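Visitor: Could you take me on a close look at one part of this model? I would like to see how that part sits among its surroundings.

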Amino acid sequence: MIIDENPIEKEAMEYFHRGERAEGLKIQDEFVNALREAIKTQDHCSCKKPCKYHGKCLECVAIHRAHQEHLPNCFQPMVNKKIEILSELTEHTMVKNLK
Ligand code: SF4
């Protein structure tokens with residue numbers, strides 16, 4: 001199962017955006033049920049770092065919330081995509097200023 005950009009969850013969000021919450025929740029439940037089934041046998045964690053908490057989302061997210069320094073690895077591509085769109089507004093000149 002591919003989690004990132006999952007078409008079932010994307011469809012659920014389309015319903016939420018249209019204000020059709022009940023249908024959105026129904027479809028979202030499909031995603032969650034498929035996820036629960038998949039993670040019984042699949043490694044769902046996209047993080048490549050050697051980490052004691054690999055695949056343990058509860059602990060991983062709590063650790064990142066606790067230290068507040070950065071996001072869990074699996075969130076970073078999603079946030080980078082959003083930042084890239086904003087960065088286009090200044091022709092990515094901010095990248096030169098990164099330390
Ligand atoms: S929250 Fe942490 S453990 Fe869960 S998939 Fe993301 S990086 Fe992996």
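Guide: The C-alpha centres of domain 1 and domain 2 are 22 Å apart. This is a predicted model, and the domain assignment of the chain puts residues 1-44 in domain 1 and residues 46-99 in domain 2. Let's settle on serine 46, a residue within the domain 2 range of 46-99.

Serine 46 belongs to the loop between α2 (21-38) and α3 (57-67). Is serine 46 exposed, partly exposed or buried? Serine 46 counts as partly exposed because it has 14 C-beta neighbours inside 10 Å, while a residue needs 20 or more to be buried and 12 or fewer to be exposed. Leaving aside residues up to four places away in sequence, serine 46 touches Asn73 and Cys74. Asn73 and Cys74 are also among the residues around the ligand. Cys45 and Cys47 are listed there too, along with His44, Gly55, Lys56, Cys57, Cys60, Val61 and Pro72. Sorted by class, this shell holds seven nonpolar residues, three polar ones and one charged one.

For a sense of distance, try glutamate 9 as a second landmark: serine 46 and glutamate 9 are 37 residues apart in sequence, and their C-alpha atoms are 18 Å apart in space.

Now step back to α2, the helix on one side of the serine 46 loop. The number of buried residues among the 18 of α2 is zero, so this helix lies largely in the open. Its length works out as well: at 1.5 Å a residue, α2 should span 26 Å, and its end C-alpha atoms are 25 Å apart, which agrees.

On the other side of the loop comes α3, and the loop between α3 and α4 (76-87) is where you will find glutamine 68. The backbone of glutamine 68 deserves a glance: its phi is near 60 degrees, a positive value in a residue other than glycine. Glutamine 68 is exposed, because 7 other C-beta atoms lie within 10 Å.

Glutamate 5 also has a phi near 60 degrees, again a positive value in a residue other than glycine. You can find glutamate 5 in the segment before α1 (7-17). With 9 C-beta neighbours inside 10 Å, glutamate 5 counts as exposed.

To return to where we began, keep serine 46 in view as a partly exposed residue that touches Asn73 and Cys74.

Conventions. Residues numbered from 1 in each chain as written. Predicted model: local features only at pLDDT ≥ 70, side-chain atom pairs only at ≥ 80, totals over all residues. Near = placed C-beta within 6 Å. Nonpolar A, V, L, I, M, F, W, Y, C, P; charged D, E, K, R; others polar. Helix = DSSP H or I, 4+ residues; strand = E, 2+ residues; numbered from the N terminus. Contact = placed C-beta atoms within 7 Å. Expected span 1.5 Å × (residues − 1). Domains from an automatic or database assignment.
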